[in-house]
Amino acid sequence: MLIPEPLKYIGTIELQPDMVLICRKFAINVFKVLRDHNIENLTEMLNSMVPNKLGEREYFLLPSTGHSIDWSSVRSVLFSYENIRKDHKLCPLNRDARTIQTESGLVCECILRNSLVCTPHDRKVYCIRGIFEDLTGYSQLKSKYRSCKTYKDYYKHRHGINLHFDREPLLSGKEMFPLRNYLCKGREPSGKGLDVQLPPELCRVIVSPIYINTFYTFSFLPSIMHRLESVLIAINLKKLHTDRCIQNVAIPSIMVLEAITTKKCREKFDMDSLKTLGESFLKYVTSRQLFQVFPNQHSGLLSIKKDKLISNATLCQLGCEHKLSGFIRNECFEPKNWMFPGDTSGCHSLNEEILTDTRKMYISGRRKLKQKTVADAVKALIGAYVSSGGEVVGLIFVNWLGINVEFPNILYERKFQVKTANFINVRCIESLLNYSFRDPTLLLEAFTHGSYMVAEIPRCYQRLEFLGDSVLDYLITAYLYEKYPGLSPGLLTDLRSASVNNDFYAQCAFRKGVHKHILHASQKLQKDIALSTTNSEHSNISFPKVLGDVIESLAGAIFVDSGYKKDLVLESIKPLLEPLVTPETLVLHPTKELTELCHKQHYNQKESFSRNNGGTSSVEVEAFGRVFTHTSEAIDKKTAKKQASSEVLKGIEK
């Protein structure tokens, strides 16, 4: 694999206005040929160009010799058949070089070698690399057209052209290759066009000398320049934040670019990983503040306040107010639509948008962005600042957005005194953890179900669960993000989904025997736990949600008891959650796996849901016609869907 050399500054090159005009003509000539694959109106366009006014800025992409501009290639745009004799006084081959009949007239063979020609009969453009000494119009043709034995026969039958100069040697050409987006995932450099053999009398010379490698190199430039333009957008966005609030934060511009890039761009990176980190951080900081500021409010009210603060509608509004939406990259780059330098054809128009008193943005056309897309970009930017600058910087950015969050120094007041040992086995529970409680009543609260209300215990686990949910979510997400930095965004999201969910917590609680310590007076819960115990060997068993809730309330209790020290929470709760999911042990959720399979293979997938008298749910998943169907019943819709999807997958695998 060849590693490209980095960009390097050579120096200043003084150009007169006429040379600047030639440079512009050359660049436009190359890019229009690459983009359009024809030369219609190209000559008229180049001839009508005049030098720009003094002081106007231009930028060009030109071939280089390594130390200066490759003027021999640039001046090739001045080629004219009318001036061929005047310009071609000294042949670089020899005095006896032959002339060959082209569509334009007689041309020296040295001009044909490494030239750009067009064939008016099929309106195609080719690069000529050389001349076949042993091929003429009468040479045998190797092709699928059996009725055409020679090149002369081929052009007669396929194009209705009778070659008059059939003894002239054929030209070795390359068909112009298409522009590609090399930023796409999995996109590899394409070949340099198809090899062709062309009768010279059908070729009109446009530019000479110019090389096929020049066009091949220039075909990468739209993708390269698009990436540079995207990085500049990210730099401007970073400066916008720096100007307003965040000073001396060394956040990489490429990370900001990642945060504003959606999956639709189809590039090797997107905002998903940073969005996951930012979303969990935002959930954590808002939940912690609400828990501390409103010590007597029920978890339901706290959840409503939190959801309102960090909803997609709120984040979208804040993102638009701070003009972040204009920076989001939400379309796959199309090289043919790229506005190449010097193009004044009028097919592109830019609209000016004021960002600040000193900054402007220029956009082409108008875009429609979904509310969720803007909200996801806001979350990803939060994740970028947390990842680069830490939680303090992330908190500053959250406040800059307009979500006022701070962590007040408020102690968690205990309103009741109770002898904990009368209700739960504190030592046994602490032995499951790497933690000893300073205030055991927090542990008692974490294990008290809402149905178990006695005078000595006036509060159940729900407030601690509200806090612990966000703490665990953020801790595990940050842990996975740091531990597996090279993972693709999709795989990291799947890891997080498998590690941060109530089903996983409930399984861990059951496996470690945590369910034995829950204080409750619910017959239904007792029945569900007993059912889980009976069916524990089945892979698709459904555990009561309460078991997962208790893991979260335990995390909340440790967080409060330790004085809001997050590191202690993960260290203490980790024994209950081990073994944690790794990329090697990750198993996709059956529902997601089936959905992705159907989408990839274009299978039809149908689902139906009904609730039976007994309170169970049934889901039917149909994929690949009527062959693979399964109906399952479980205590909730989610579990039934999981079981049905798993059975359908087994059928497809067989």
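A disulfide is a pair of cysteine sulfur atoms within 2.5 Å, and with that cut-off in hand I began my notes on this model, which is predicted.

**Entry 1: cysteines**

I searched for disulfides and recorded zero of them in the structure. To see why for one cysteine, I looked up C320, whose sulfur lies 4.1 Å from the closest cysteine sulfur, that of C316, and this is too far for a bond. I also noted how the cysteines sit with respect to the surface: C320 is partly exposed, at a relative accessible area of 39%, whereas C508 is buried, at 0%.

**Entry 2: the chain as a whole**

I counted 23 helices and twelve strands in the chain. Of its 654 residues, 49% count as buried, and the chain exposes about 34800 Å², of which carbon and sulfur atoms supply 51%. For contacts between residues at least 6 apart in sequence, I noted that 68% join residues at least 24 apart.

**Entry 3: nonpolar cores**

In soluble globular proteins, nonpolar side chains tend to be buried together. Which residues touch the most other members of the largest nonpolar core? I found F281, I382, L433 and L577 in that role, in a core of 103 residues. I followed L433 further and, leaving aside residues up to four places away in sequence, listed its contacts as L554, I558, S572, I573 and L576. Apart from the largest core lies another, of 39 residues, with I28, F31, F177 and F218 among them.

**Entry 4: a strand with two faces**

I turned to strand β6, residues 195-198, where V196 and L198 form the covered face, while D195 and Q197 form the uncovered one. Strand β5, residues 171-175, runs antiparallel to β6 and is joined to it by four bridges. Within this pair, I saw that L171 stands opposite L198 of β6.

**Entry 5: backbone exceptions**

Most residues other than glycine have a negative phi, and most peptide bonds are trans. I therefore looked up the places that depart from this general pattern. The peptide bond from S208 to P209 is cis, with omega near -5°, and P209 sits in the loop between β7 (204-207) and α7 (212-244). A cis peptide bond also joins E578 and P579, with omega about 0°; I placed P579 in the loop between α21 (566-577) and α22 (590-601).

On the side of phi, R266 is not a glycine and yet has a positive value, near 60°, in the loop between α8 (253-259) and α9 (272-293). Y564, likewise not a glycine, has a positive phi of about 65° and belongs to the loop between α20 (545-561) and α21. Is Y564 buried or exposed? I recorded Y564 as buried, because its relative accessible area is 14%, and the cut-off for buried is under 20%.

**Entry 6: a loop asparagine**

My last entry concerns N330, which I located in the loop between α11 (312-321) and β8 (350-354). Although it is a loop residue, N330 is buried, with a relative accessible area of 13%. What does the side chain of N330 make a polar contact with? I found the side chain of T262 as its partner, at 2.8 Å. Not counting residues up to four places away in sequence, N330 touches T262, K264, C265, R367, L369 and T373.

How values were computed. Residues are numbered from 1 along each chain as its sequence is written. This is a predicted model: local features need pLDDT of at least 70, side-chain atom pairs count only at pLDDT 80 or more; totals for chains, interfaces and linings use all residues. Side-chain values use heavy atoms; hydrogens and water are left out. Buried means under 20% relative accessible area, exposed over 50%, partly exposed in between (1.4 Å probe, protein chains only). Two strands pair if DSSP finds at least two bridges between them. A nonpolar core is a set of buried Ala, Val, Leu, Ile, Met, Phe, Trp, Tyr and Cys residues joined through side-chain atoms within 4.5 Å. Contact means heavy atoms within 4.5 Å. A polar contact is a pair of N or O atoms within 3.5 Å; within protein, one must be able to donate a hydrogen and the other to accept it, and residues adjacent in sequence count only if both atoms are side-chain atoms. Accessible areas come from the Shrake-Rupley method with a 1.4 Å probe; for residues, only the protein chains shown count as cover.
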